[in-house]
Amino acid sequence: MLKLVTLVVSVLVLTSMALIACGGGSSTSTVSGEQSASSPTNGDQPESSADDLLLDISVNGEDLEYDKGEMSAPAGREVTVQFRNVSKAQPHNWVLVQDGTKDEVTADGIESGADNDYVAPGDDRVIAQTGLLEGKDTGNVTFTVPPAGIYQFVCTFPAHNITMFGTFTSTP
Ligand SMILES: [Cu+2]
């Protein structure tokens, strides 16, 4: 029994000696300071099955513009658009509309007011829309891509439609 204890002790001593030796020799530069916050996901990640097509879109900081001017997807395909409003304070939405109607849809949306997220209820020029997203919010909308052709997407928050829009192409 005593022998066993001695063995254990000597193993421990040897181990700590080895550790000390290691510690002294290697001067690993530990990055001090805060660890960059591992981006907390606000907003749900959409469930993506193999058939799902996920399109990402965001905004350019506090500028009133999307981070891309063009999007496309195959006609008839079910698609999820994930809109990340990464601005700090600007409310935005993403609304897919018939080509050439972004300004009229916005005008009618403004009349419908914030309660309707600046989209007139039942507007048949509107194909899909996220809700109005506050800064740092993410919204998803899943829809079937309309028949092949050109469409527009736009933010219908008052006055944003002037600079915040793009072309959505439905491919055959
Ligand atoms: Cu906007």
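**Notebook: loop, copper site, sheet and cores**

I began with Asp117, which lies in the loop between α2 and β5. The model is a predicted one, and I read every entry below with that in mind. For Asp117 I noted a positive phi of about 55°, although the residue is not a glycine. I then looked up its accessibility: Asp117 is partly exposed, with a relative accessible area of 25%.

I turned next to Tyr118, whose place is also in the loop between α2 and β5. Its phi is near 60°, again a positive value in a residue other than glycine. Is Tyr118 buried or exposed? I found a relative accessible area of 13% for Tyr118, so it counts as buried, the limit being under 20%.

**Copper site**

Which residues are the protein donors of the copper ion? I listed His92 through ND1, Cys155 through SG and His160 through ND1, at 2.0 to 2.1 Å from the ion. Along the chain I wrote the spacing of these donors as H-x62-C-x4-H. I then placed two of them: His92 sits in the loop between β3 (78–84) and β4 (95–98), and Cys155 in the loop between β7 (149–154) and β8 (165–171). The pair is 63 residues apart and links distant parts of the chain. I checked the accessibility of this pair and recorded both His92 and Cys155 as buried.

**Asn85**

I looked up Asn85 in the loop between β3 and β4. Asn85 has a relative accessible area of 1%, and therefore I entered it as buried. What does its side chain reach? I found the backbone oxygen of Leu133 at 3.0 Å from the side chain of Asn85. Leaving out residues up to four places away in sequence, I listed what Asn85 touches: Val59, Gln90, Pro91, His92, Leu133, Glu134, Gly135, Lys136 and Asp137. The copper donor His92 is thus among the contacts of Asn85.

**The five-stranded sheet**

I traced an open sheet of five strands in the order β2-β8-β7-β4-β5, with mixed pairing. Why is one side of β2 and of β5 (126–129) left without a neighbour in the sheet? Both strands stand at the edges, and each has a single partner strand, so that side stays without a neighbour. For neighbouring strands of this sheet I noted an average turn of 25° against each other, direction ignored.

I then followed the pairings of β8. With β2, β8 pairs in the parallel sense over five bridges, and Met71 has Phe168 as its bridge partner in β8. With β7, β8 pairs in the antiparallel sense over six bridges; here I noted Ser170 in β8 as the bridge partner of Gly149. I also sorted the residues of β8 by face: Gly166, Phe168 and Ser170 form the covered face, while Phe165, Thr167, Thr169 and Thr171 form the uncovered one.

**Helix α2 and Lys102**

I found that α2 lies across β4, β5, β7 and β8 and runs at about 35° to β7. Lys102 is found in this helix, which spans residues 102–112. Why does Lys102 count as buried? I read a relative accessibility of 9% for Lys102, and the cut-off for buried is under 20%. Setting aside neighbours within four places in sequence, I recorded Val97, Gln152, Val154, Asn161 and Phe165 in contact with Lys102. One of these, Phe165, belongs to the uncovered face of β8.

**Nonpolar cores**

As background I wrote down that nonpolar side chains in soluble globular proteins tend to be buried together. How many residues has the largest nonpolar core? I recorded 21, and Trp94, Phe143 and Phe168 have the most contacts inside it. The elements that give two or more residues to this core are β1 (53–58), β2 (70–74), β3, β6 (138–144) and β7. I noted that β3 gives the most, with three residues. Apart from this core lies another, of six residues, among them Val97, Val105, Val119 and Val126. Val97 had already appeared in my notes as a contact of Lys102.

Terms used. Residues are numbered from 1 along each chain as its sequence is written. This is a predicted model: local features need pLDDT of at least 70, side-chain atom pairs count only at pLDDT 80 or more; totals for chains, interfaces and linings use all residues. Side-chain values use heavy atoms; hydrogens and water are left out. Donors are N, O and S atoms within 2.8 Å of the metal (3.2 Å for Na, K and Ca); water is not among the atoms, so sites may look incomplete. Helices (H or I, at least four residues) and strands (E, at least two) are DSSP runs, numbered from the N terminus. Buried means under 20% relative accessible area, exposed over 50%, partly exposed in between (1.4 Å probe, protein chains only). Contact means heavy atoms within 4.5 Å. A nonpolar core is a set of buried Ala, Val, Leu, Ile, Met, Phe, Trp, Tyr and Cys residues joined through side-chain atoms within 4.5 Å. Two strands pair if DSSP finds at least two bridges between them. Axes are lines fitted to C-alpha atoms, for helices over the stretch in contact, and angles run from 0 to 180 degrees between N-to-C directions. A polar contact is a pair of N or O atoms within 3.5 Å; within protein, one must be able to donate a hydrogen and the other to accept it, and residues adjacent in sequence count only if both atoms are side-chain atoms.
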